[in-house]
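Biologist: Could you take me slowly through one part of this model, the enclosed space inside the protein, and then show me how the parts around it are arranged? I am in my first year, so please explain each term as you come to it.

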Amino acid sequence: MMLALWRNEWQFYLRQPLCWLALLLAIAFTLLLTLTQPALSAQPNKELLFNHSKLLMLVHPLLLGVLAPLAFYRDSQHNMQALIAATPLTRWQWGLSRAGALLLLVFALQIGLTVLLTMVAEPAATSLWPLAWQLLLVQQLPALLLLVTLQLWCSQRSQQLGWSWLLTLCCWLGYMLL
């Protein structure tokens, strides 16, 4: 049941121009962050950690702020709540399917950005790959889980899109103030 729901969500995301635009802008912004740095430093591990931190603070909250309305608010935006409520889905299944698909989408993008960051940081070094995967699983994945869960919680509390944008702004500003 859940696999079919996730497949439907993936098919929905593949047909959304806003999703493609957000993903392309995230990739372009990551390239801009990494390619405009000065010459490679003597400590590529620190440079990779710094790039991952920039990506976590600058890209993730904004990316999820753009994609969360596609996942959680599309029913209320298009007055489809009554139709969705008529399906045999519980709120738990609805939330798990939407949040899971959004998490998988952004995590797949993050894997691609991790490969990109690692190749840019030190193209010839293979010693950075274990650190890159460790940063992906220890730093990026929990942050993505938190941001997706917060967006899901916000969508469950209010069907107004402005609260999601306010949450995105607060998360982004909170990261900037750290």
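Modeller: The largest cavity is lined by P61, L64, L147, L150, Q151, L167, T168 and C171. On a 1 Å grid over the protein atoms alone, a cavity is a set of points where a 1.4 Å probe fits but cannot get out, a pocket is an open set with protein on both sides within 12 Å along at least five of seven lines, and lining residues have an atom within 4 Å of a point. Rolling a probe the size of a water molecule over the atoms shows where empty space is left. This is a predicted model, in which local features need pLDDT of at least 70 and side-chain atom pairs count only at pLDDT 80 or more, while totals for chains, interfaces and linings use all residues. Residues are numbered from 1 along each chain as its sequence is written, and side-chain values use heavy atoms, with hydrogens and water left out.

The count comes to 1 cavity of 30 Å³ or more, and the largest cavity holds about 50 Å³ of space, where a volume is the space filled by probe spheres set on grid points that are joined across faces, edges and corners. Two or more residues of its lining come from each of α3 (44-72), α7 and α8 (161-177); helices (H or I, at least four residues) and strands (E, at least two) are DSSP runs, numbered from the N terminus. By class, this lining has 6 nonpolar, 2 polar and no charged residues, where Ala, Val, Leu, Ile, Met, Phe, Trp, Tyr, Cys and Pro count as nonpolar, Asp, Glu, Lys and Arg as charged, and the others, Gly among them, as polar.

Helix α8 deserves a closer look. Its 17 residues reach 25 Å from the first C-alpha to the last, close to the 24 Å expected at 1.5 Å a residue, the expected span being 1.5 Å times one less than the number of residues. In α8, L161, S164, L167, T168, C171 and Y175 are buried, a word that means under 20% relative accessible area, with exposed over 50% and partly exposed in between (1.4 Å probe, protein chains only). Seen down the axis of α8, these buried residues fall within an arc of 120 degrees, so they line one face of the helix; the arc is that of the directions from the helix axis to the C-beta atoms.

C171 also enters the question of disulfides, each of which is a pair of cysteine sulfur atoms within 2.5 Å. The closest cysteine sulfur to that of C170 is in C171, 7.1 Å away, which is too far for a bond, and the count of disulfides comes to 0. C170 is partly exposed, with a relative accessible area of 48%, whereas C19 is buried at 2%.

The open space can be described in a similar way. The largest pocket has a volume of about 240 Å³, and its lining includes R91, W92, L103, L145 and Q156. Here α6 (91-121) and α7 (129-157) are the elements that give two or more residues to the lining, with the largest share, 7 residues, coming from α6.

For the wider setting, the protein chain has 8 helices and 0 strands, and buried residues make up 42% of its 178 residues.
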